[in-house]
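Colleague: I'm new to reading models like this one. Could you pick a single part and walk me through it slowly?

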Amino acid sequence: MKVLHIVPGTNDVANGMVVVANLLAEEQTEAEVVDLSNEIHESGVDEVWVHGMWLPKEWLVCWRVLRAGKRLVRMTHGSLSPLYLRHQSPFKKWLVGPIERWCLRRCNKIVATCEAEKGWIEKYLGKRCPVVEVTDIKRFFNINHGIRRTHGNEGPLHLLYLGRQHPLKGLEYLEEAIKSLPSVSSVYSVVQKPELRIVSSAFGEELEKVWDWCDVLVLPTLSDNFGLVVAEALERGKRVITTDGAPAWGGDNNYGGRLIYIKGFVEASDSVKVALLKGAIESLHTINAN
């Protein structure tokens, strides 16, 4: 079966939709990933996956696929998170919601990346929701090996935030948490505060240098369905702090103590968010002994 994956833009190789589409296409027998901005030809294709939501050209593609009698699959990639719907152009989402519901309800299936996202989709579409499958994106990553600290056991912890500087990523709470840490503390085996590096984009050798510098990835997100950067960090043997804003990581597996998953973060007050992150960072003092 020939499968076509359509993403908003293939030039942004760090975009989660593009990464997931390419991973899925690699394991399918005959699949191709194409850019939504290009001319799209469905002829000779058996199944079309449309990644993302809210773009008029996506609706046009869905209509053409349905009209041609091809199988239509959608991946919403967290776009139906209640917090995202409330805070990311809510008027636009309300205005075009009927169009999106029309397209989604006529899919052969919708694919979610975690159980929480499945619940968001089913709530949004109601009784006329098609089949929603959960696919395990974690299977593409080797995330079961131990901790690696590349610059030795001396000096402060190196905390990395890697991703877009977006209001729903919670970066301001992380920065405030680090500011609130004492300059000298018996919690740490060293006297320096943790160092935070914020990297919005890095590729190739530059990206590998960033990962080599990092001890702990911190994703203080308020709204992510999966959080690919978490899998990438665990695959590299890094410790990770993330929140219930990335519900795919909320299971019982803490990957040998490398994953700290903060529950109750999304609904907490601002001051509690800062305190939760501060506590999680302080709990990692044992990293110097590993």
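What follows is a close look at one helix and its surroundings.

Colleague: Let's take helix H4, which covers residues 90–105. Which residues does Cys-103 touch, leaving out those up to four places away in sequence? And is Cys-103 buried or exposed?

Modeller: Happy to, and keep in mind that this is a predicted model. Let's begin with your cysteine. Cys-103 sits in helix H4, and its relative accessible area is 2%. Anything under 20% is called buried, so Cys-103 is buried. Setting aside residues up to four places away in sequence, Cys-103 touches Trp-59, Cys-62, Leu-72 and Arg-74. Two places in that list are worth following up.

Start with Arg-74. Besides touching Cys-103, Arg-74 makes a salt bridge with Glu-100, and their closest N and O atoms are 3.2 Å apart. That pair links distant parts of the chain: Arg-74 belongs to strand E4 (residues 71–75), Glu-100 belongs to helix H4, and 26 residues separate them in sequence. Arg-74 and Glu-100 are both buried. By the rule used here, the model has six salt bridges, and Arg-74 with Glu-100 is one of the pairs that form a salt bridge.

Now for Trp-59. Cys-103 touches this tryptophan, and Val-96 is in contact with it too. Val-96 is another resident of helix H4. With 12% relative accessibility, Val-96 also falls under the 20% cut-off, so it counts as buried. Apart from neighbours within four places in sequence, Val-96 is in contact with Trp-54 as well as Trp-59. Look at Leu-55 as well: the C-alpha atoms of Val-96 and Leu-55 are 9.5 Å apart in space, although the two are 41 residues apart in sequence.

Then step out to the surface. Trp-102 joins Leu-60 and Trp-63 in a nonpolar surface patch, and together they have about 300 Å² of accessible area. Leu-60 comes from helix H2, residues 56–67. Its relative accessibility is 40%, so Leu-60 counts as partly exposed.

To finish, here's a sense of distance. From the C-alpha atom of Cys-103 to that of Arg-236 you'd cross 39 Å, and the two are 133 residues apart along the chain. Arg-236 has a salt bridge of its own, with Glu-208, where the closest N and O atoms are 2.9 Å apart. Glu-208 lies in helix H7 and Arg-236 in the loop between helix H8 and strand E10, so this pair ties together parts that are 28 residues apart in sequence.

Terms used:
Residues numbered from 1 in each chain as written. Predicted model: local features only at pLDDT ≥ 70, side-chain atom pairs only at ≥ 80, totals over all residues. Heavy atoms only, no water. Helix = DSSP H or I, 4+ residues; strand = E, 2+ residues; numbered from the N terminus. Buried < 20%, exposed > 50% of the residue type's maximum accessible area, 1.4 Å probe, protein only. Contact = heavy atoms within 4.5 Å. Patch = residues over 30% accessible without salt bridge, like charges linked within 9 Å, V, L, I, M, F, W, Y side chains within 5 Å. Areas by Shrake-Rupley, 256 points an atom, 1.4 Å probe, with all protein chains shown as cover. Salt bridge = Lys/Arg side-chain N within 4 Å of Asp/Glu carboxyl O.
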